[in-house]
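Below is a short note for a colleague who is meeting this structure for the first time. Please read the points with the sequence and the model side by side.

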Amino acid sequence: MAFRLSNSLLGILNAVTFLLSVPVLGGGIWLATRADGTECERYFSAPVIAFGVFLLLVSLAGLVGACCRVNCLLWFYLVAMFVLIVVLFCFTVFAFVVTNKGAGEAVSGRGYKEYRLGDYSNWLQKRMENSKNWNRIRSCLQDSKVCKKLQDKNWDQTQFFKADLSPLESGCCKPPTSCNFTYIGVTNWTTTPASTTTPFSDPDCKTWSNDGTQLCYNCQSCKAGAVATLKRDWKRVAVVCIVFLVFIVIVYSLGCCAFRNNRRDNRGAYRGAAWKGGYA
């Protein structure tokens, strides 16, 4: 019996996915086992490995099920794809809901914006206020040396004030502008006479330290910068998820056609064998 078009397309797509899953899985294992890997890299290796294993198993089930007409594997493939569609759809909606609030505030005479944690959604605020979550995020920020890279630029005061800093650089690598500290270097600031006699309106002013391992990593502004970065990245991921969802729905439809073809072909083969047996 001629091989069905939907089975062929599904087999080709899953063969490509199977090949792609190998470097994904290998990359996750490499992150988890490298000797000089940071805690942040090891933390992200677990979801990468899980995603690689999922791709490997599902694509293998789809490939064998479509090409060898194994209905039980194709049924498993369709269930897994349906779950993936539901999860992606829920994540996309959730990502747009939790990231629709909050933005940086322009500062007069500055090229950068400043960020306040209270401007963002309650869900994101709670995640950042959790000490266990924040300790892990802070460790990742320190490992990435975001402030060290900024410090290496050796800007003078005019260059720094005109710079378009990222949310993390603005929130974690300098004190808030409201502190009225005097600029010495990118990560080196001193208090002014006015700031020592007047109580700080922003608690981050007391948290700031010129120590390169501390800076403003424990500030609310740093948490807000992390949320702003997360918001930007989640919106990009959500857009990619929409495109991926359309693709997954098309593949799922091909899988349904291949499953129907398998059942029809198996039923025809069974009837043919029964007809021949009756005349034997």
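1. Among the contacts in the protein chain that join residues at least 6 apart in sequence, 68% link residues at least 24 apart. The model is a predicted one, and its protein chain holds eleven helices and four strands.

2. As to the surface, the protein chain has an accessible area of about 15900 Å², and 64% of that area belongs to carbon and sulfur atoms. Of the 280 residues in the protein chain, 38% count as buried.

3. The aromatic residues deserve some attention, and the count of aromatic pairs comes to 13 when ring centres within 6.5 Å are taken as paired. One of these pairs is formed by Phe 94 and Trp 234, whose ring centres lie 6.1 Å apart with the planes at 55°, so the pair is tilted. Phe 94 belongs to helix H3 (residues 71–98) and Trp 234 to helix H11 (residues 220–278), so this pair ties together parts that are 140 residues apart in sequence.

4. How buried or exposed are Phe 94 and Trp 234? Phe 94 is partly exposed, at a relative accessible area of 30%, whereas Trp 234 has a value of 18% and is buried, because buried here means under 20%.

5. Trp 234 also forms a tilted aromatic pair with Trp 123, at 6.0 Å centre to centre and with 40° between the planes. Since Trp 123 lies in helix H4 (residues 122–129) and Trp 234 in helix H11, this pair ties together parts that are 111 residues apart in sequence. Trp 123 itself counts as partly exposed, with a relative accessibility of 33%, and the charged end of Arg 127 sits over the ring of Trp 123, 4.8 Å from its centre.

6. A further group to look at is the aromatic cluster made up of Tyr 112, Phe 160, Phe 161, Tyr 183 and Trp 189. Over the face of Phe 161, one member of this cluster, lies Arg 110, at 3.8 Å from the ring centre.

7. Finally, which strands form a hairpin, and how many residues lie between them? Strands E3 and E4 form the hairpin, with two residues between them. Strand E3 covers residues 182–185 and strand E4 residues 188–190, and the two pair in the antiparallel sense over three bridges. In one of the bridges, Thr 182 has Thr 190 of E4 as its partner.

Definitions and conventions. Residues are numbered from 1 along each chain as its sequence is written. This is a predicted model: local features need pLDDT of at least 70, side-chain atom pairs count only at pLDDT 80 or more; totals for chains, interfaces and linings use all residues. Side-chain values use heavy atoms; hydrogens and water are left out. Rings of Phe, Tyr and Trp (its six-membered ring) pair if their centres lie within 6.5 Å; planes under 30 degrees apart count as stacked, over 60 as edge-to-face and the rest as tilted. Buried means under 20% relative accessible area, exposed over 50%, partly exposed in between (1.4 Å probe, protein chains only). A charge sits over a ring if NZ of Lys or CZ of Arg is within 6 Å of the ring centre and within 35 degrees of the ring normal. Two strands pair if DSSP finds at least two bridges between them. Contact means heavy atoms within 4.5 Å. Accessible areas come from the Shrake-Rupley method with a 1.4 Å probe; for residues, only the protein chains shown count as cover.
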